[in-house]
Amino acid sequence: MANILVIDDDRPIRSTLTEILEFEKLKVESAENGEEGVSKIENGQFDLVLCDIKMPKMDGIEVLEKSLELKPDLPVVMISGHGTIETAVEAIKMGAFDFIAKPLDLNRLLVTVRNALDRNELVEETKTLRKKVHHSKLSDIVGESPAIKDVKAMIEKVAPTDARVLITGGNGTGKELVARNLHQNSPRKKAPFIEVNCAAIPSELIESELFGHEKGAFTSAVKQKKGKFEQAEGGTLFLDEIGDMSASAQAKVLRALQENKISRVGSEKDIKVNVRVLAATNKNLKQEIEKGNFREDLYHRLSVILIHVPALKDRKDDIPLLVEFFLDRICAEQSMPTKSIDEAAIKALQSFDWTGNIRELRNVVERLLILGGDSISQEDVKNYVSA
């Protein structure tokens, strides 16, 4: 139930507003002057403030100023029987959600209240979503094993530079997380981080995806399109699963790295680009070079710095930390009650080989949260996790 604060020195107005809003199933508190209203705003939790402008001691404009300082996201609707266009414009410019003139029009009042509450709800949802996106993409790399400490130390050294980095490791080890940490700790962090999964894009489309195309360059090219290199201008381009890139695309990427220029498909015009390139692969690129599947000159361009992300089976000491991390994260994301896990269950999880690495462990923790008891036990692991 939304909580609304009514600030007005006129008792009948306060009583009328309270009666109307409570009839609409809203909770209402009131204050008879600006000072009392500011105190309630500071110490209470409100979803909306309805505030008169003309009041003794502290007028409504001063209350609005104080409210914006204390609770910037709290919508304030100004009410006045002495209102002019200039007063309304001033209040809106200062940050008021709306302005309503007295005598109050009931329909106008209720529409304004509903709009303000809907806006408040959207603001809160946006904050929650931003937190989820931020945490899911920019989480710290969890672990204290020697292998993962080496990865963290390498990121710390390399991130502030523009050096190209080749990140190797099995599927699900966290190569993307390493790339995001490199970007987030670099001077380019305020610019875009653009990711391309080279394995997920058909070979005939990869060049258009990376470099863009001109209108009419091929049958389905109905308009000009910027590629990922241009989208990442000033920031970082992460080429995931680079070992699956076609030979023709490899040649164009090599030219882009050598000359810092690209050309869209269907165009002969060069476009200068300023992009840091990070790449990742789960393949042994030296073996792919021997097989003729990957260009050696491109490999040397990409691998100025090599970072290998260890498999989970090689860092089992980190499993307790990872499990606790995923328990907290998943419960928060899904609004589930928090659960604990006993030591025997942790040891059972450490006995597995984890061929799917961190990704598999996260899925297993989510399964245990949903299907396990109030405290996840060794028996839960036995019942719901296959070796």
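Lys252 is partly exposed, at a relative accessible area of 28%, where partly exposed covers the range between buried (under 20%) and exposed (over 50%), using a 1.4 Å probe and protein chains only. This is a predicted model, so to speak plainly, local features need pLDDT of at least 70 and side-chain atom pairs count only at pLDDT 80 or more, while totals for chains, interfaces and linings use all residues. Residues are numbered from 1 along each chain as its sequence is written, and side-chain values use heavy atoms, with hydrogens and water left out.

Back to Lys252: its side chain meets that of Glu207 in a salt bridge (3.6 Å, N to O), meaning a side-chain nitrogen of Lys or Arg within 4 Å of a carboxyl oxygen of Asp or Glu. This pair ties together distant parts of the chain, with Lys252 in helix 10 and Glu207 in helix 8, 45 residues apart. Helices here are DSSP runs of H or I with at least four residues, strands are E runs of at least two, and both are numbered from the N terminus. Glu207 counts as buried, at 18% relative accessibility.

Two other bridges sit inside single helices. Lys40 and Glu36 are both in helix 2 (residues 34–43), four residues apart, or about one turn. Glu366 and Arg362 have that spacing of four residues too, in helix 15 (residues 357–371).

| Salt bridge | N to O distance |
|---|---|
| Lys252 – Glu207 | 3.6 Å |
| Lys40 – Glu36 | 3.9 Å |
| Glu366 – Arg362 | 3.3 Å |

On the exposure side, Lys40 comes out at 25%, Glu36 at 29% and Arg362 at 22%, each of them partly exposed. The count of salt bridges comes to 24.

Helices 8 and 10 turn up again in the largest nonpolar core, among the elements that give it two or more residues. Such a core is a set of buried Ala, Val, Leu, Ile, Met, Phe, Trp, Tyr and Cys residues joined through side-chain atoms within 4.5 Å. This one has 31 residues, and Leu210, Phe229, Leu239 and Ile242 touch the most other members. Helix 10 provides the largest share, five residues.

Finally, the surface: Glu62, Glu65, Glu69 and Glu90 form a negative patch. Patch residues have over 30% relative accessible area and no salt bridge, with like charges joined within 9 Å. Helix 3 (residues 60–70) supplies the largest share, three residues. Glu62 lies in that helix and is partly exposed at 34%.

Conventions. Patch = residues over 30% accessible without salt bridge, like charges linked within 9 Å, V, L, I, M, F, W, Y side chains within 5 Å. Areas by Shrake-Rupley, 256 points an atom, 1.4 Å probe, with all protein chains shown as cover. Lys, Arg positive; Asp, Glu negative; His and termini not counted. Charge placed at Lys NZ, Arg CZ, Asp CG, Glu CD.
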